[in-house]
Each structure stands twice: as C-alpha cells, then as structure tokens.
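These are my notebook entries from a reading of one structure. I set down each item that I looked up, together with what I found.

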Amino acid sequence: MRLFHWTLALGCIANLTVLREVKTVHRYVGYVVLAAVVIRLVWGFIGTRHARFADFAPGPRRLLAYLVALSRGREPRYVGHNPAGGVMMLALMGLVMTCGVTGWMMGLDAFWGERWLETLHEGAANVILVMAIVHVLAALVESWRHRENLVLSMINGFKRAPKGSDVCHAPAAD
C-alpha cells in the first residue's frame, strides 16, 4: 500500500512539475502511475483487509454521518481510511486514470492534436494537484486531532492500535 501511495505521489509530483515538458519521460512516468492504479484496483478486491474497497469505500449515509461528526469535532479515529479519506482516494485514482488514458490517447493517430483531449488531460491534472493539497492538509489536521503522525505511518507502516471508540474495520454495508 505504501509503495502504491508513494509511486502515485512522486509520479504525479514529477509529471506536474519538472517533467511537464520532458515529453518522453513524462509519458513513461504516466504509464508507471497508470499501471500502479490498475494494480491497486485489483488489490482493492483481493488484497489485505484494510486494502479492500469494502473496508473503506463508504456509501452516502456513512460518509454523511462521518462529515457531520467531523463538523462537530467528534469524528472517530479510523485505523484505515476514514470515509472522507476513502472518497478522496477513489476520486484521486479516477483522476489519475483519466490523466493516464487521455495522455495515452493523445499519442494515437485517431486523436492527435485534439484540443478537447488536451484540455481534459490538463484539467484532470490540475484537479489532482488541488485535491493532493487538500489530502495533505487533511492528513496533517487528522494527525493533530487524533494525536497520531499519519505521515510517519505512511513511511514506516505503523499506526497506533485501535482502542475505545476507534474504528478498526468499517462496516461492509451502509
């Protein structure tokens, strides 16, 4: 999971900044990131418990209940993704897929020079940038609120064990 996270993060950062105009390297980094998302999609169905979509992809009721609790400062601590984090992850994966597929399509003869495709590719990349900033800020706020260094846990793989009202595994259904 951490390898996926950092592959996605570093690949997107590189392609949005220093590799933006280095077309060949940009393309290959995009393919690596796209392949990572495809592998993650498969892992979301067959992987370990916290990696499975059923463990963190909320329905509307669970997301709304979490957001209400969050707005009141009473959100529970999740060992895995909280409902808002799960939605963020799914949205980022969808946007990365959009960038990867549109980037690949731009190299095809059938779509060469199509302005709408370039606009969609660049628009998705810009939304990824904004959402990534929100993601980092949310991780910092949640780290502070739950007194847990989430950034460190994405490096070393360790989080505090659940206790009290902590949510270890989200319910499979809303």
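**Entry 1: disulfides.** I searched the whole structure, which is a predicted model, and found zero disulfides. I then looked up why Cys12 has no such partner. The closest cysteine sulfur to that of Cys12 belongs to Cys99, and the two are 7.3 Å apart, which is too far for a bond. A disulfide needs the two sulfur atoms within 2.5 Å, so I could set the distance against that cut-off. I repeated the step from the other side: for Cys99 the closest cysteine sulfur is in Cys12, again at 7.3 Å and too far for a bond.

I also looked up whether each cysteine is buried or exposed. Cys12 has a relative accessibility of 16% and therefore counts as buried. Cys99 has a relative accessible area of 12% and is buried. The cut-off I needed here is that buried means under 20%.

**Entry 2: the chain as a whole.** How many helices and strands does the protein chain have? I noted seven helices and zero strands. Read along the sequence, the pattern is α-α-α-α-α-α-α. The C-alpha atoms fill a box of roughly 60 × 30 × 30 Å along the principal axes. The protein chain has 174 residues, of which 34% count as buried. I then turned to contacts between residues with a separation of 6 or more, and recorded that 64% of them join residues 24 or more positions apart.

**Entry 3: H4 and H5.** In general, two packed helices are described by the angle between their axes and the distance between the axes. I looked up both values for this pair. The axes of H4 and H5 come within 8 Å and cross at roughly 125°. That angle makes H4 oblique to H5.

Which residues meet there? On the H4 side I listed Arg62, Leu63, Tyr66 and Leu67, and on the H5 side Pro83, Ala84 and Val87. Sorted by class, this contact has six nonpolar, no polar and one charged residues.

**Entry 4: Arg77.** I next examined the loop between helix H4 (60-71) and helix H5 (83-106), where Arg77 lies. Is Arg77 buried or exposed? Its relative accessibility is 2%, so Arg77 counts as buried. I then looked up a partner for its side chain, and found that a polar contact of 2.8 Å joins Arg77 to the side chain of Glu148.

**Entry 5: Leu120.** I located Leu120 in helix H6, which covers residues 115-145. With a relative accessible area of 39%, Leu120 is partly exposed. Leaving out residues up to four places away in sequence, I found that Leu120 touches Thr98 and Thr102. For Leu120 and Thr98 I also noted the separation: 22 residues in sequence, and 8.2 Å in space from C-alpha to C-alpha.

**Entry 6: Leu3.** My last residue was Leu3, which I placed in helix H1 (residues 2-16). At 70% relative accessibility, Leu3 counts as exposed, because the cut-off for exposed is over 50%. I also looked up Leu3 together with Ala36: they are 33 residues apart in sequence, and their C-alpha atoms are 9.1 Å apart in space.

Notes: Residues are numbered from 1 along each chain as its sequence is written. This is a predicted model: local features need pLDDT of at least 70, side-chain atom pairs count only at pLDDT 80 or more; totals for chains, interfaces and linings use all residues. Side-chain values use heavy atoms; hydrogens and water are left out. Helices (H or I, at least four residues) and strands (E, at least two) are DSSP runs, numbered from the N terminus. Buried means under 20% relative accessible area, exposed over 50%, partly exposed in between (1.4 Å probe, protein chains only). A polar contact is a pair of N or O atoms within 3.5 Å; within protein, one must be able to donate a hydrogen and the other to accept it, and residues adjacent in sequence count only if both atoms are side-chain atoms. Axes are lines fitted to C-alpha atoms, for helices over the stretch in contact, and angles run from 0 to 180 degrees between N-to-C directions. Angles under 35 degrees count as roughly parallel, over 145 as roughly antiparallel, 65 to 115 as roughly perpendicular and the rest as oblique. Contact means heavy atoms within 4.5 Å. Ala, Val, Leu, Ile, Met, Phe, Trp, Tyr, Cys and Pro count as nonpolar, Asp, Glu, Lys and Arg as charged, and the others, Gly among them, as polar.
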